[in-house]
Amino acid sequence: MKPSILVVEDDLRIARLVKMNLEAAGCACILAHDGESAIAAFERQRPSLVVLDVGLPDVSGIELTRRIRREHDTPILMLTARSSEGDKVLGLEVGADDYLTKPFGTSELVARVRALLRRAGAGARESAIEIGELRIDPSRRDVERAGERIGLTTLEFDVLHFMASRPGQVFSRETLMERVWGTDRIVGDRSIDNLVSRLRRKIETDPDAPRYLLTVWGAGYRFAEPS
Ligand code: CA
């Protein structure tokens, strides 16, 4: 599969140039020209890597990096202007993996992208979980039922993957909430129940008689063990 690269750049000329060169190097590219559409494209496509211009019209590349890093370890290559040395430091501090200063050579860009992809690929990749008709792939954050892709939100995926990695183990609502939202956020018991209902509607053939996400009366939930 081709690595997919999200290119976030408001300068259309540079965006096209980057796209052309990365595609010539065997990558698939998605373009976004401002921060908001970049976030939307990121959530939708879950790219393998992000090339990110720091100077965007709405949200800064720094802020965007911060937002991506809250939940994802996708490699980020920042593009900075020569005049903004401070951005590099800040960018790396908030989690960018590397940067290129404009103007840059396209072969340098391709080399940096390849190096980052290699590094990310070399990291420990968790393997996919298969149970019944379900396939949960953490490296692509992708869920399929009988070969059919199911769209899940980040939160839904996290809960599903967390539980499916520990089949048979019973989790109380408190544990799940802590695991998913962290301890600094106050959410009610119903939030977990609602999340589980949403997940069941998406992954179960019959949400009223679930096969995967099981209720343990008086205790919480557990994920079915492979039979
Ligand atoms: Ca710009």
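Both faces of strand β1 are covered in this predicted model. S4, L6 and V8 are buried on one side. I5 and V7 are buried on the other. The strand is mostly covered, with five of its five residues buried. β1 pairs with strand β2 (residues 28-32) in the parallel sense. Five bridges join β1 and β2. Within this pairing, L6 stands opposite I30 in β2.

The loop after β1 leads to the metal site. The calcium ion has three named protein donors: D10 (OD), D53 (OD) and G55 (O). These donors lie 2.2 to 2.4 Å from the ion. Along the chain they follow the spacing D-x42-D-x1-G. D10 and G55 link distant parts of the chain, 45 residues apart. D10 sits in the loop between β1 (4-8) and α1 (12-24). G55 sits in the loop between β3 (49-53) and α3 (61-69). D10 has a relative accessibility of 33%, so it counts as partly exposed. G55 is also partly exposed, at 46% relative accessibility.

The domain assignment divides the protein into domain 1 (4-121) and domain 2 (129-223). The centres of the two domains, taken over C-alpha atoms, are separated by 32 Å.

Two helices supply further single-residue detail. K88 is placed in helix α4 (residues 85-93). Is K88 buried or exposed? Its relative accessibility is 10%, and K88 therefore counts as buried. Leaving aside residues up to four places away in sequence, K88 touches M78, T80, Y99 and T101. A111 belongs to helix α5 (residues 106-122). At 41% relative accessibility, A111 is partly exposed. A111 and A25 are 86 residues apart in sequence. In space, their C-alpha atoms are 9.6 Å apart.

Antiparallel pairing links strands β7, β8 and β9. Strand β7 (residues 134-137) pairs with strand β8 (residues 142-145) in the antiparallel sense. This pairing spans four bridges. R135 has E144 in β8 as its bridge partner. The hairpin of β7 and β8 has four residues between the strands. In that hairpin, R141 takes a positive phi near 50 degrees. β8 also runs antiparallel to strand β9 (residues 148-150), with three bridges joining them. Here E144 stands opposite R149 in β9. E144 thus faces R135 in one pairing and R149 in the other. The hairpin of β8 and β9 has two residues between its strands. A146, in the turn, has a positive phi of about 50 degrees.

The largest nonpolar core holds 28 residues. Which of them touch the most other members? They are L134, V143, L160, M163 and F223. Several elements give two or more residues to this core: β6 (129-131), β7, α6 (154-164), α7 (173-181), α8 (189-203), β11 (213-216) and β12 (220-223). Helix α6 gives the most, with six residues. The contacts of L134 can be listed in full. Not counting residues up to four places away in sequence, L134 touches I129, V143, E144, R145, I150, I203, Y212 and F223. A second, separate core has 19 residues. Among them are A32, V50, I68 and I76.

How many aromatic pairs does a search of the whole structure find? The search finds two. F162 and F171 form a tilted pair. The ring centres of F162 and F171 are 4.9 Å apart, with 45 degrees between the planes. F162 is buried, with a relative accessible area of 9%. F171 is likewise buried, at 4% relative accessibility. The rings of Y212 and F223 form the other pair, with centres 6.2 Å apart. The planes of Y212 and F223 meet at 20 degrees, so this pair is stacked. Y212 and F223 link distant parts of the chain, eleven residues apart. Y212 lies in the loop between α8 and β11, while F223 lies in strand β12. Both Y212 and F223 are buried. These two residues also both appear among the contacts of L134.

Technical notes:
Residues are numbered from 1 along each chain as its sequence is written. This is a predicted model: local features need pLDDT of at least 70, side-chain atom pairs count only at pLDDT 80 or more; totals for chains, interfaces and linings use all residues. Side-chain values use heavy atoms; hydrogens and water are left out. Donors are N, O and S atoms within 2.8 Å of the metal (3.2 Å for Na, K and Ca); water is not among the atoms, so sites may look incomplete. Buried means under 20% relative accessible area, exposed over 50%, partly exposed in between (1.4 Å probe, protein chains only). Two strands pair if DSSP finds at least two bridges between them. Domain bounds come from an automatic or database domain assignment. Contact means heavy atoms within 4.5 Å. A nonpolar core is a set of buried Ala, Val, Leu, Ile, Met, Phe, Trp, Tyr and Cys residues joined through side-chain atoms within 4.5 Å. Rings of Phe, Tyr and Trp (its six-membered ring) pair if their centres lie within 6.5 Å; planes under 30 degrees apart count as stacked, over 60 as edge-to-face and the rest as tilted.
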